[in-house]
Amino acid sequence: MPSALPELTPDKLARYSRHIRLADFGLEGQRRLAAARILVIGAGGLGSPAALYLAAAGIGTLGLADYDTVEEHNLQRQVLHDTTSVGKRKVDSAAARLRALNPDLDLRIHDSGISAANAIDLFGQYDVIVDGSDNFSTRYLANDAAVLAGRPLVHASIFRFEGQVTVFAPEAGGPCYRCLFPEPPPAGSVPDCAEAGVLGAVCGVLGSLQALEAIKLVTGVGEPLIGKLLTYDALTQSFRTLKIGRDEACPSCGKAPSIREIREENYRITCAPDAAPDQGSEIPLEVEVDAAASLLERHPDQTLLVDVREPFELGICRIDGSRDIPLGQLAAQADSLPTDRHLLVLCHHGNRSFHATQYLRSRGFPRVSNVAGGIDAWARELDPSLRRY
């Protein structure tokens with residue numbers, strides 16, 4: 001934070017008058033906002049409300065790091081974008097919206113996102129990092145880079161109807177992400193939001209809380225969530241605050257940290273299930289979408305596509321000729337499946353179908369393969385006419 005706080009013009013005094021009227025915030029708080037530099041990782045479900053409220057609040061410099069493009073199914077929760085943004089880069093869509101909201105904003109776009117190569121240097125350009133990522137690779141990378149750069153990290157995550165938010169700030173005596181979650185969960189044990197679903201308004205709650213924590217950090221107003229985890233349950237509309245401590249043996253922020261540099265190979269983390277050994281079978285446990293399509297075309301009498309998605313998903317897109325059995329009904333309907341055909345099991349992204357594949361193999365079906373990447377990969381790589389969601 002610069003030692004000399006910027007003066008505010010009459011226009012800005014008027015614009016932010018509702019902030020300045022706050023007894024514990026005042027003119028100095030608004031000037032601190034004007035001097036602040038905040039980086040938001042991700043222009044998605046969490047980054048959208050966080051960036052909107054930070055821009056509206058009068059943050060001097062706002063960075064936005066994202067490499068993705070807008071898709072129609074994003075619009076249920078990613079309120080930075082609209083229908084006309086579909087197909088555009090998220091940073092471009094977000095920039096237009098944020099600059100329209102606050103033309104005085106110094107908006108800095110990082111269209112390659114964050115990576116092992118740029119994270120520490122990028123974080124060093126900002127006072128606070130707001131992590132709106134939705135995958136474990138980026139969360140662990142952001143944590144380790146923030147620790148090494150000495151920057152507080154405002155973290156939030158969402159699962160279905162629930163969420164959590166905290167501030168990781170070892171430089172202020174608090175814990176880091178690895179103190180709370182030393183290792184990522186086993187592959188296949190945690191579905192992502194595409195598989196589990198997420199209520200859009202929950203993103204609004206948690207992303208807004210992230211913006212609030214960032215504002216508290218740069219202004220010194222209130223007590224940030226350092227050493228505290230705030231959890232939210234949308235179904236009961238309830239919050240809980242849990243104390244979280246620093247792990248002195250933490251590899252990132254402990255007394256003798258082993259993580260002293262960012263190496264790309266340490267952040268190749270996936271939620272996809274590990275492929276189990278094939279136990280001598282000539283039928284692979286998993287096949288790519290192009291191989292599955294080729295098998296169905298070349299050997300239609302010897303193969304069968306089994307779609308384990310839910311009925312509403314079939315209404316969005318479906319591959320002709322598939323046998324549709326929702327995963328929850330697979331046990332009851334398994335005996336109706338042929339044992340003399342190669343079963344190719346499909347879902348949205350490949351997680352549910354992987355578990356279905358393992359289940360069918362355990363039931364004695366000798367020829368079952370998971371279709372890697374599911375119908376989403378099929379739409380991206382083979383058939384663009386299939387609607388993605």
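This tour moves through a few strands and loops and then turns to a pair of helices. The model is predicted, and the stops below are best read with that in mind.

**The loop after S5**

Begin by selecting residues 153-159, which form strand S5, and residues 162-168, which form strand S6, and then look at the loop between these two strands, where Arg-160 is found. Display the backbone torsions there, and Arg-160 will show a positive phi of about 60 degrees, although this residue is not a glycine. If you add a surface, Arg-160 comes out as partly exposed, its relative accessible area being 40%.

**From S6 to S7**

Keep S6 selected and add S7, because the two strands run antiparallel and are joined by 4 bridges. To find one place where they pair, pick Val-165, whose bridge partner in S7 is Leu-230. With the rest of the model shown around the strand, S7 proves to be largely enclosed by the rest of the structure, since 5 of its 6 residues are buried, where buried means under 20% relative accessible area.

**The hairpin of S7 and S8**

Next, extend the selection from S7 (228-233) to S8 (238-243), taking in the loop between them, in which Gln-237 lies. S7 and S8 pair in the antiparallel sense over 6 bridges, and Tyr-232 has Phe-239, in S8, as its bridge partner. The hairpin that these strands make has 4 residues between the strands, and within this hairpin Gln-237 takes a positive phi near 50 degrees, even though Gln-237 is not a glycine. Is Gln-237 buried or exposed? Its relative accessibility of 55% makes it count as exposed, because the exposed class covers values over 50%.

**Where H11 meets H15**

Finally, leave the strands and select helix H11 (residues 289-298) together with helix H15 (residues 374-381), whose axes come within 9 Å and cross at roughly 85 degrees. H11 and H15 are therefore roughly perpendicular to each other, the range for that description being 65 to 115 degrees. Which residues meet at this crossing? On the H11 side, show the side chains of Val-289, Ala-292, Ala-293 and Leu-296, and on the H15 side show Gly-374, Ala-377, Trp-378 and Glu-381, which the H11 residues meet. Coloured by class, the contact of H11 with H15 has 6 nonpolar, 1 polar and 1 charged residues.

Note on methods. Residues are numbered from 1 along each chain as its sequence is written. This is a predicted model: local features need pLDDT of at least 70, side-chain atom pairs count only at pLDDT 80 or more; totals for chains, interfaces and linings use all residues. Side-chain values use heavy atoms; hydrogens and water are left out. Buried means under 20% relative accessible area, exposed over 50%, partly exposed in between (1.4 Å probe, protein chains only). Axes are lines fitted to C-alpha atoms, for helices over the stretch in contact, and angles run from 0 to 180 degrees between N-to-C directions. Angles under 35 degrees count as roughly parallel, over 145 as roughly antiparallel, 65 to 115 as roughly perpendicular and the rest as oblique. Contact means heavy atoms within 4.5 Å. Ala, Val, Leu, Ile, Met, Phe, Trp, Tyr, Cys and Pro count as nonpolar, Asp, Glu, Lys and Arg as charged, and the others, Gly among them, as polar.
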